[in-house]
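Student: Please take a close look at one part of this structure, beginning with its aromatic pairing and continuing into the helix packing around it. A connected account would be preferred to a list.

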Amino acid sequence: MMNFLVKTIANAGALAVAVWLLDKITLTGDSTGKQIGTLIIVALLFGLVNFLVKPLVKLLSLPLLILTLGLFTLVVNALMLLLTSWLADKLDLSFHVEGFWTAVLGGLIISVVSWALHVVLPDGD
């Protein structure tokens, strides 16, 4: 349970950095508390998308991953971020990613920040 909490906090922090750095990734809300709540829900949604959908997409795109020496992972991460944005819109959450290239850059930022936070934060094991 602690590991799940740490991963969710790391995802929320990484999403917050992407929102802060990129103008076309938006998180709106009336107050800071609502924005933090929305960010945590979006982090949970992002984690769920990465847990359920990403392995299937990676398996189906395995030839492209091999051909590009893993660089296609950036596209897969962007698609997961766009899917999270679409699901957030369907759930009436105020999180939006505008455009594919913004999603690619956002996915790269989220990957780097999430990795750094996983190094710093303790895991539950």
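**From the aromatic pair to the helix packing**

Tutor: In this predicted model, the structure holds one aromatic pair. It is formed by Phe100 and Trp101, whose ring centres are 5.1 Å apart; because their planes meet at 75 degrees, beyond the 60-degree limit, the pair is edge-to-face. The two partners do not share an exposure class. Phe100 has a relative accessibility of 31% and therefore counts as partly exposed, whereas Trp101, at 67%, is exposed, since its value is over 50%.

The pair leads into helix α6, which comprises residues 100–120. With 21 residues at 1.5 Å a residue, α6 should span 30 Å, and its end C-alpha atoms are indeed 30 Å apart. The buried residues of α6 are Thr102, Ala103, Val104, Gly106, Gly107, Ile109, Ile110, Val113 and Ser114. In reading such a set, it helps to recall that an α-helix has 3.6 residues a turn, so residues three or four places apart point the same way. The partners of these buried residues of α6 are α1, β1 (25–27), α2, α5 and β2 (95–97).

Among these partners, helix α1 (residues 2–21) deserves detailed treatment. Its axis lies 8 Å from that of α6, and the two helices pack at an angle of about 140 degrees. Because this angle falls short of the 145 degrees beyond which helices count as roughly antiparallel, and is over the perpendicular range, α1 is oblique to α6. The crossing of α1 and α6 is right-handed. On the α1 side, the contact is made by Lys7, Ala10, Asn11, Gly13, Ala14, Leu15, Val17, Ala18 and Leu21; on the α6 side, by Gly106, Ile109, Ile110, Val113, Ser114, Leu117 and His118. Gly106, Ile109, Ile110, Val113 and Ser114 thus appear both in this contact and among the buried residues of α6.

Helix α1 also packs against helix α2 (residues 32–52), the axes coming within 8 Å and crossing at roughly 110 degrees. The two helices are therefore roughly perpendicular to each other, and α1 passes α2 in a right-handed crossing. Here Phe4, Thr8, Asn11, Ala12, Leu15 and Ala16 of α1 meet Leu39, Val42, Ala43, Leu44, Phe46 and Gly47 of α2.

Asn11, a residue of α1, takes part in the contacts with both α6 and α2. It is buried, because its relative accessible area of 13% is under 20%. Leaving aside residues up to four places away in sequence, Asn11 touches Ala43, Phe46, Gly47 and Ser114.

Val19, also in α1, allows a return to the aromatic pair. Its C-alpha is 14 Å from that of Trp101, although 82 residues separate them in sequence. With residues up to four places away excluded, Val19 touches Ile25, Leu27 and Phe95.

The remaining helical partner of the buried α6 residues is α5. Helix α5 covers residues 72–90, and its 19 residues should span 27 Å at 1.5 Å a residue, in agreement with the 27 Å between its end C-alpha atoms. Its buried residues are Phe72, Val76, Asn77, Ala78, Met80, Leu81, Thr84, Ser85 and Ala88. Following α5 is Asp92, which has a positive phi near 60 degrees.

How values were computed. Residues numbered from 1 in each chain as written. Predicted model: local features only at pLDDT ≥ 70, side-chain atom pairs only at ≥ 80, totals over all residues. Heavy atoms only, no water. Helix = DSSP H or I, 4+ residues; strand = E, 2+ residues; numbered from the N terminus. Expected span 1.5 Å × (residues − 1). Buried < 20%, exposed > 50% of the residue type's maximum accessible area, 1.4 Å probe, protein only. Phe/Tyr/Trp six-rings, centres within 6.5 Å; stacked < 30°, edge-to-face > 60°. Axes fitted to C-alpha atoms, helices over the stretch in contact; angles between N-to-C directions. Parallel < 35°, antiparallel > 145°, perpendicular 65-115°, else oblique. Left-handed = near helix turned anticlockwise from the far one by under 90°. Contact = heavy atoms within 4.5 Å.
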